Amino acid sequence: MALGAVLSAVGLAVDDRVLVGAPIWAKPFKFFLSFTVYGLTLAWMLTRSARGRRTGWWAGNVVVATGLAEMAIITGQVVRGKRSHFNVGTPFDQALFTAMGITVIVLWTATLVIGLLLLRTPFADRATAWAIRGGVVIALAGAAIGFLMTLPGAEQRAGGMADPDVIGAHSVGVPDGGPSMPLTGWSTTGGDLRIPHFVGMHALQLIPLFLIALVVLAPRIARFRDAGLRLRLVRVVTAGHAGLVALTTWQALRGQPLVRPDAVTLVAAGVLLVAVAAGVGMALRRPPTPVQRRPEPQESEPSSRSKEFTA
């Protein structure tokens with residue numbers, strides 16, 4: 001995947017073709033990068049699993065195989081100058097899009113298997129358990145949002161779309177390919193389901209990275225040496241991240257751009273922010289968790305028979 005990202009970057013530099021309002025190599029470049037980070041994170045998490053190692057090995061290889069198959073289709077369609085997603089213009093394009101859908105379902109299921117193994121794995125550090133399990137669960141939810149993109153929109157169901165060769169879309173309320181944000185390509189005129197999809201899937205990295213940051217800062221900040229505090233903060237961040245996925249999904253489904261929220265969305269975002277801030281404040285105010293020390297071994301008194309023998 002990392003090699004594919006490099007090759008796609010070369011494509012961005014030398015190929016000036018544009019597809020659906022974006023450089024034609026932008027999609028494989030972003031997908032290759034995403035799969036690189038996704039694969040590295042899952043590989044690290046599998047090393048933490050103490051149960052079902054053989055099952056985890058197979059699930060990891062299924063993720064690799066399906067990811068490579070999906071990227072082969074995406075890259076092949078770029079070479080042909082065709083859309084990979086939502087393209088049903090010809091029987092061949094439709095077959096490729098169907099194959100992509102199957103690979104995504106299998107990949108999601110394999111990730112679910114890894115998640116279940118991690119849920120059953122006992123961790124010595126409870127904060128680590130929360131970070132890994134919470135990241136996997138939210139990532140699965142974020143990946144599942146991708147299935148919403150494959151459903152035909154209201155205009156497509158009514159047959160009123162300008163392009164009948166396309167079923168499904170990233171955007172909600174506006175056609176794909178319109179004005180968009182730089183780098184991400186997210187719509188600035190309508191809702192975009194790629195936003196909660198992105199936010200959800202990258203919980204797999206962000207929540208464990210938050211815990212790693214706490215551990216790295218612990219030698220300098222004494223409060224972070226408290227395992228109980230780290231656990232409480234990870235719980236707050238996990239809940240906040242899940243709330244952000246729900247908020248961005250709700251906003252996208254209402255056909256609302258990320259950069260132009262209405263009053264209702266702003267109020268909901270404010271409530272979420274206040275809730276997270278309050279959770280962090282409560283976590284910091286609690287006294288440090290007392291360190292449990294093992295009792296010192298005491299010398300047992302001799303039994304009455306020993307005393308009698310000694311006498």
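Trainee: Which helices do the buried residues of H8 pack against?
Mentor: This is a predicted model, where local features need pLDDT of at least 70, side-chain atom pairs count only at pLDDT 80 or more, and totals for chains, interfaces and linings use all residues. Numbering starts from 1 along each chain as its sequence is written, and side-chain values use heavy atoms, with hydrogens and water left out. Helices here are DSSP runs of H or I with at least four residues, strands are runs of E with at least two, and both are numbered from the N terminus. The buried residues of H8 pack against H2 (26-48), H5 (126-149), H7 (194-201) and H9 (227-253).

Trainee: Which residues of H8 are buried?
Mentor: Buried means under 20% relative accessible area, exposed means over 50%, and partly exposed is in between (1.4 Å probe, protein chains only). In H8, that label goes to Ala203, Leu204, Gln205, Ile207, Pro208, Leu211 and Leu214.

Trainee: How far does H8 reach from its first C-alpha to its last?
Mentor: H8 covers residues 203-217, which makes 15 residues. The expected span is 1.5 Å times one less than the number of residues. The model comes close to that expected value, with a reach of 21 Å.

Trainee: How many salt bridges does the structure hold?
Mentor: Side chains of opposite charge can pair when their charged atoms come close. To count, a side-chain nitrogen of Lys or Arg must be within 4 Å of a carboxyl oxygen of Asp or Glu. On that test, the number of salt bridges in the structure is 5.

Trainee: How many residues apart in sequence are arginine 80 and aspartate 93?
Mentor: Their side chains meet in a salt bridge at 2.9 Å, N to O. Arginine 80 lies in H3 (residues 53-80) and aspartate 93 in H4 (residues 91-120), so the pair ties together parts whose separation is 13 residues.

Trainee: In that pair, is aspartate 93 buried or exposed?
Mentor: Its partner, arginine 80, is partly exposed at 39% relative accessible area. Aspartate 93 has a relative accessible area of 3%, so it counts as buried.

Trainee: Which aspartate meets arginine 83 in a salt bridge?
Mentor: Arginine 83 counts as buried, at 18% relative accessibility. Its partner is also buried, with a relative accessible area of 19%. The N to O distance is 3.7 Å, and the partner is aspartate 176.

Trainee: What is the N to O distance between aspartate 262 and arginine 254?
Mentor: Aspartate 262 is partly exposed, with 28% relative accessible area, and arginine 254 is partly exposed too, at 32%. Their side chains meet in a salt bridge at 2.5 Å.

Trainee: Which residues does threonine 103 touch, not counting those up to four places away in sequence?
Mentor: Threonine 103 is in H4 and is buried at 12% relative accessible area. Contact means heavy atoms within 4.5 Å. With those sequence neighbours left out, threonine 103 touches Thr66, Ala69 and Glu70.

Trainee: Which residues form the nonpolar patch on the surface?
Mentor: Patch members have over 30% relative accessible area and no salt bridge; like charges are joined within 9 Å, and nonpolar side chains (Val, Leu, Ile, Met, Phe, Trp, Tyr) within 5 Å. Valine 14, one of the members, is in H1 (residues 2-14) and is exposed at 66%. Together the members have about 510 Å² of accessible area (Shrake-Rupley, 1.4 Å probe, with only the protein chains shown as cover for residues). The patch is Leu3, Val6, Leu7, Val10 and Val14.
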